[in-house]
Amino acid sequence: MTKHRLLRPFPLTLSAIALLSGVFGNSEDANAESPEEKGLKIAQSLDRANEGYASESSTMEMTLVNAHGDKTSRKMKSQILETKDDGDKSRIEFEWPADVKGTRMLTWTHKKDDDDQWLFLPAIKRVKRISSKNKSGSFMGSEFTYEDLGSQEVEKFKHKFLADEMQNGRKIWKMERIPTAADSGYSKQIAWVDREYNNPIKIEYYDRKGELLKTAAFSDFKKFGKFWRLGKLEMKNHQTRKYSTLVWHDRKVGVAVDNALFESDELEN
Amino acid sequence: MSQLLTPKAFFAGGLFCLIALSTTANAQWAVESRGELGLETRVFQPDDNPGTNDQNVAAAARLQVDSRKGDLRLRFRGFVRHDQTDRGRSAAFPEEAWAQWKGERFSLTVGWDMVTWTATEAFHPADVVNARYFDSNVENFEKVGEPLAQLRMKLGQGNISAYLMPYFTSPIFPSAQSRLSFTGPGVSMGGARWLTRDGDITRDRLGAQWAVNLQQTVGDADLSFHVLQNQDRYNPVIGIDPTRLEVHPLFKPVTQIGGTYQQVIEGLIAKAEFAYRYYDRSDAKPSPTFIALDPRQLTENRDHGVAALGLEYSVSHDIGWESTFIVEGQSVFAEGKGLNGNARIRHELNIFQRDVMGGLRLAFQDAADSTLLLFAVVDLENAEQMFGNLGYNRRLGEEWSLKAGLRFFNLPPKNPDMPVGFERWHKANQFTLTLMRHF
C-alpha cells in the first residue's frame with residue numbers, strides 16, 4: 001500500500017488517476033453516485049494505482065522564508081518501504097542545519113491507528129519513541145506540519161468529489177477531504193487532482209475555525225516507471241505570510257533497500 | 001590536563017581516527033564527519049571560599065568521523081574540554097572509537113562505545129554501563145566511552161546483544177576547585193581503586209565484565225531487559241590512602257538486572273526503567289593503601305532496587321508553539337525492614353532516592369528552533385531538597401547555536417559540618433552560557 005508519504009508528500013492517496021479512466025470512464029458515467037461515493041472511489045483507485053512501487057529514496061532540500069523574505073534551509077535524506085498489509089514505512093535522516101545532522105526519524109504508518117514513530121538523537125545515542133498524535137506541530141520550523149507530510153491513508157479522510165475542471169489544458173478533479181482524526185489541525189482540505197499525474201497540483205488547507213490557512217502548490221512532475229512524482233512543493237501560509245518550499249533530488253523509485261533499516265533498533269546505524 | 005582520562009585509551013582512539021581517515025585514500029570508503037566547537041561560560045553564586053572557582057571559561061570540541069565500506073564501519077567520536085580557569089576541569093576522552101562488521105543478522109563491534117539503556121528523561125537507573133563525567137548536568141551526565149566487544153543478533157522485532165567489557169573505566173570527578181566537587185575545596189579525588197570479587201583492593205583495571213541485553217518492539221511498546229555484571233561506578237566508597245593522605249573512590253563489583261519500557265497510549269508516552277543491584281558478598285581484605293571513611297559502606301548489605309516512572313504529553317497551540325509536559329518519579333528500595341528498607345542507606349545510595357520531577361519543554365517552532373526548558377526535581381521525603389533548571393536554546397543562523405541556563409541547587413546537608421556526596425552542591429546555583437559552532 002502506498003499511503004505513507006512522509007516527504008514524498010501529498011498525493012499518493014490521491015494519485016492513481018491515470019488508471020481512473022479504466023475505473024470511472026469519465027465523470028459523467030458516475031453521475032448516479034453521490035459525491036461522497038465518487039470521492040471515496042477515486043481515492044481508493046488512486047491508492048490502488050500506486051501499489052507496487054516497492055521502495056523509494058531521495059534527498060530533499062527545504063527552504064523556509066519568513067514574512068520579511070529571510071531564508072533558511074534544511075536538508076534531509078528519505079527512504080520509503082512499501083508494505084503489503086499496512087501503511088508504509090519511512091526513514092528520514094536530517095543533514096542540515098549542522099546541529100541536527102545525524103538525527104533520524106522512523107515512521108510506521110497504519111491504515112487506521114496512529115502511526116508509530118521513533119527518533120534517534122545522535123548526541124546521546126538514544127532511540128526515543130515519540131507520539132504521532134500531535135499532528136499539527138510544525139515540521140522543522142517550516143509551514144509543513146507532520147500531518148501534511150505524514151500518513152494519508154484513504155481511511156483517515158471523508159472524501160467528496162466536487163467538480164471536473166480544466167486548468168492550463170489539463171483535466172482536473174476537484175475533491176474535498178475532511179480528516180477523521182479529532183486532533184487534526186484542519187477542518188477540511190480542498191484538492192485539485194491532475195488525472196495524468198495521479199497527484200494534486202494544489203491543496204487548500206482550512207483551519208479548525210474554517211478559515212483558509214495554507215495553500216500547497218505541486219510542480220515539476222516526473223515519471224518513474226508508471227508512477228508520477230512531484231519535484232517541488234510550495235506551502236504558503238496565508239495567515240502568517242510565511243512560506244516553505246521542498247525540492248526533491250536524486251529520487252529513485254523501486255530500488256532495493258535494506259528492510260532492516262526500517263526497524264527501530266537499527267536507527268543508530 | 002590532570003583529569004585526562006586513560007590517556008592511552010584516548011590516543012588509541014585518535015590513532016583509530018587517523019587510520020579511519022587514511023582509508024579515505026581509497027575512494028571505496030564513504031566518509032562522513034560532524035562535530036562542534038563551543039565556548040562555555042559558567043558563573044556560580046559566590047560562596048566566599050577562595051579555594052573554589054566561582055567562574056569557569058572553557059573551550060570544548062566534539063568530533064565524529066564515520067567511515068564505511070561494504071559491511072565494515074569505523075567510527076571515532078571524541079570530546080575535549082579545556083577550562084582556562086580550572087585546569088583540573090579539563091578533560092579529553094573517547095566517546096566512541098570502534099570498528100564494526102555488520103552482516104544480515106549479526107554484527108560485531110569492537111572498541112570504545114556508548115551504551116544507552118534508557119527510557120526516561122531525568123532518572124536513569126538502568127543506564128549504567130558507561131562511566132560518567134560528573135562535572136556535567138546531573139540529570140544527564142555525559143558518558144565516557146567504555147572499551148567493549150558487542151555481538152548483536154537480530155531476534156524477532158528487535159535484537160539480543162552480548163557485551164564483554166575487559167577494562168574498568170573510571171568516572172571523571174570534578175576538580176578540587178570546582179563548585180561541583182564531591183570532596184570539598186582543595187581536596188582532589190585521586191585515582192580509582194577497584195574491589196575484586198575476591199575481596200582484594202587493587203588499581204588493576206583489567207577484569208571480566210559482561211552484559212546481555214534483549215530489546216523488543218511489541219505493538220506500541222518498546223521493551224528491553226538486561227543482566228549486567230560489572231564494577232558499579234555510581235556508588236563509590238570514599239576512602240583515604242594513609243601513605244599519601246589522598247582521597248580515592250573504591251568501586252565495588254555488582255550484578256544488575258534491569259529493563260526499560262516505552263509505550264504510546266493515545267498520545268501519552270509512558271516510560272519506565274528499573275534495576276536491581278546485588279553487590280558481591282566478599283568482605284574487602286584490609287589494604288595498606290585504602291581505608292574507607294565510612295567502613296559500613298563495605299560491610300553493610302547495600303543491595304537495592306531502583307524504579308523510575310514517567311509520562312510525557314505534547315500539545316500544539318494555535319499560535320504554532322508546542323508544549324511538552326513531563327512528569328517523572330524515582331524511588332530506591334533498599335534492603336531492610338519494610339518496603340522502604342533502611343532510610344539512611346537509601347539516601348546514601350542515590351541523590352534521587354524518592355524524588356519527582358516536573359518539566360515543561362516549550363518549542364516555539366520557529367526557524368531558529370527556539371526552545372525553553374523548565375524543570376524542577378523535589379525530594380518527597382525532604383521537600384527542602386530540590387534543584388531546578390531554566391534553559392533556553394536557539395540556533396543562530398544555520399551553523400551556530402546558543403544555550404543559556406539558570407540552575408539552582410537546594411540540598412542542605414544533614415550534618416552541616418560534614419556534607420556528603422551531592423550535598424556539597426548546596427547553593428551551587430549557576431548561570432551558564434554556551435556559544436557553539438556546528439560543522
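How many residues of chain B are in contact with chain A, and how many residues of chain A are in contact with chain B? I would like to answer that for you this morning, keeping in mind throughout that what we are looking at is a predicted model.

The answer is that 29 residues of chain B are in contact with 24 residues of chain A. On the chain B side, four strands, namely β9 (158-164), β12 (210-218), β16 (253-265) and β19 (304-316), each supply at least two residues of the side that touches chain A. Of the strands, β19(B) gives the most to that side, with 3 residues. If we then ask about the character of the residues on the side of chain B that touches chain A, they divide into 6 nonpolar, 14 polar and 9 charged.

Let me stay with chain B and turn to one of its sheets. This is an open sheet of 5 strands, and reading across it the order is β11-β10-β15-β14-β18 of chain B, with mixed pairing. At the edges of this sheet are β11 (201-202) and β18 (291-292) of chain B, each of which pairs on one side only. Within the sheet, strand β10 (residues 193-195) of chain B runs parallel to strand β15 (residues 246-251) of chain B, and 2 bridges join them. As a detail to look for on the screen, B:Trp194 stands opposite B:Phe251, which belongs to β15(B).

Finally, a word on chain A, which has 3 helices and 15 strands. Of the 269 residues in chain A, buried residues make up 48%. Among the contacts in chain A between residues at least 6 apart in sequence, 52% join residues at least 24 apart.

Conventions. Residues numbered from 1 in each chain as written. Chains lettered and ligands numbered in written order. Predicted model: local features only at pLDDT ≥ 70, side-chain atom pairs only at ≥ 80, totals over all residues. Pairing = 2+ DSSP bridges. Contact = placed C-beta atoms within 7 Å. Nonpolar A, V, L, I, M, F, W, Y, C, P; charged D, E, K, R; others polar. Buried ≥ 20, exposed ≤ 12 C-beta atoms within 10 Å, placed from the backbone.
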